[in-house]
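The exercises below concern one protein model. Work through each task with the structure open, then compare with the solution.

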Amino acid sequence: MISYEIQAFGTPLVRAERPTPTPQTHEVLLQVQAAGVCHTDIHTWHGWYDLGGGKRLTMGDRGVTLPLTLGHEIVGKLVATGADSKGAEIGRNYLVYPWLGCGTCKVCRRGQEQLCPTPRFLGIFRAGGYSDHVMVPDAKYLIDIGDMPPAQAAPYACSGLTTFTAIKKIKPAILQEEPVVVVGAGGLGLMCIGLLKAMGSVGVVVVETNAERRAAAIAAGAMAAIDPAAPNAVAQCKTALGSAAWAVIDCVGSGQTVQLSLDLLIKGGQLIVVGLFGGEITLPTATLPMRAISMEGSYVGNIADLRELIALVNAQKIQPLPTQCCDLHQASSALQDLEMGKVIGRLILQPSA
Ligand SMILES: [Zn+2]
Ligand SMILES: [Zn+2]
């Protein structure tokens, strides 16, 4: 099998050819049909997250080992199963739930594998989808996508799941009565706009620095798209919303965007941060109780959330995220294009037949 691997952090991915593995016991082997290129892949490729103040969290600290095949937004065709595998059908296309935990600790037993202290995430801690094949430890992590095109389904495993669970954290009465602010209109932000509409939101105001992405946000159904670099950006947002914000989902997560998001909140408002750009903020602590605001992080979701999301997408015929497909052998340049901000929507790698 052909994979594109990180062999040294920050250097171009390397094409590696290895024997295609044979699934053992509960394992299942899929032939990759589509693999999304996500911002997380850029952090993993560089080997660190920005913690602000010059501090870094390295991938080594997180337990990532090399070589590593990236790719956690995977749709594959099931081609082989281990002797003890049950429940999946050879020849079908499946979306892979990639946020695997150890499967045995109390966090995993509560159904929150994505929060397991010893994660086995595909494409981060184990080989992922920048390959023509991927091994999944158990068929229980496969989700039937019916006849949904693989390139459309793949991004639901990360950008879809991340925004879906963030939206579920908004209080239902707020979602139904107040417009929501979405910061950033990259893959996550655009997905968020589509899902908000499907989940009954009354409107979305987008904050985005890039004019082309602001246009993409309007095309995806946002009621306004505001440039945060404008000197009166906060006032523009409040005008578009009709008041300060009841709910903000920050899909960027830089020091500046989190600060702006906090500045936008009304008394009792909520900020949900999903972006991993990195940085830091200074927060006057008395404002938390005085303004009764809340700020929480949200990290992907569990497999039940992903199943619920796919059912919602099928039931509501949600407008797919704009995608651009490229060949697997362009994996390295695809990462660079995403990093340089050249991508609208999602880049999808597809191995040539
Ligand atoms: Zn991702
Ligand atoms: Zn666990």
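**Exercise 1.** Find the residue of β16 that stands opposite I272, and describe how the strands involved pair.

Solution. The model is a predicted one. Start at I272: the residue opposite is E296 in β16. Next, take the strands. β15 covers residues 265–273 and pairs with β16 in the parallel sense, over four bridges.

**Exercise 2.** Place β15 and β16 in their sheet and determine what packs on that sheet.

Solution. Step one is the strand order. The sheet is open, has six strands with parallel pairing, and runs β13-β12-β11-β14-β15-β16. Step two is the edges: β13 (224–226) and β16 (294–297) each pair on one side only. Step three is the twist. On average, neighbouring strands are turned by 20 degrees against each other, direction ignored. Step four is the packing: helix α10, residues 255–264, touches β11 (180–183), β12 (204–207), β14 (245–250), β15 and β16. The direction of α10 makes about 170 degrees with that of β14.

**Exercise 3.** Divide the protein into domains and characterise the contact between the domains.

Solution. Begin with the bounds: domain 1 consists of 2–156 + 321–350, and domain 2 of 161–297. Their centres, taken over C-alpha atoms, are 28 Å apart. Then count the contact residues: 17 come from domain 1 and 13 from domain 2. On the domain 1 side, α1 (39–46) and β4 (48–52) each supply at least two residues. The largest share there, four residues, belongs to β4. Finally, sort the residues of this side by type: eight are nonpolar, seven polar and two charged.

How values were computed:
Residues numbered from 1 in each chain as written. Chains lettered and ligands numbered in written order. Predicted model: local features only at pLDDT ≥ 70, side-chain atom pairs only at ≥ 80, totals over all residues. Domains from an automatic or database assignment. Nonpolar A, V, L, I, M, F, W, Y, C, P; charged D, E, K, R; others polar. Pairing = 2+ DSSP bridges. Axes fitted to C-alpha atoms, helices over the stretch in contact; angles between N-to-C directions. Contact = placed C-beta atoms within 7 Å.
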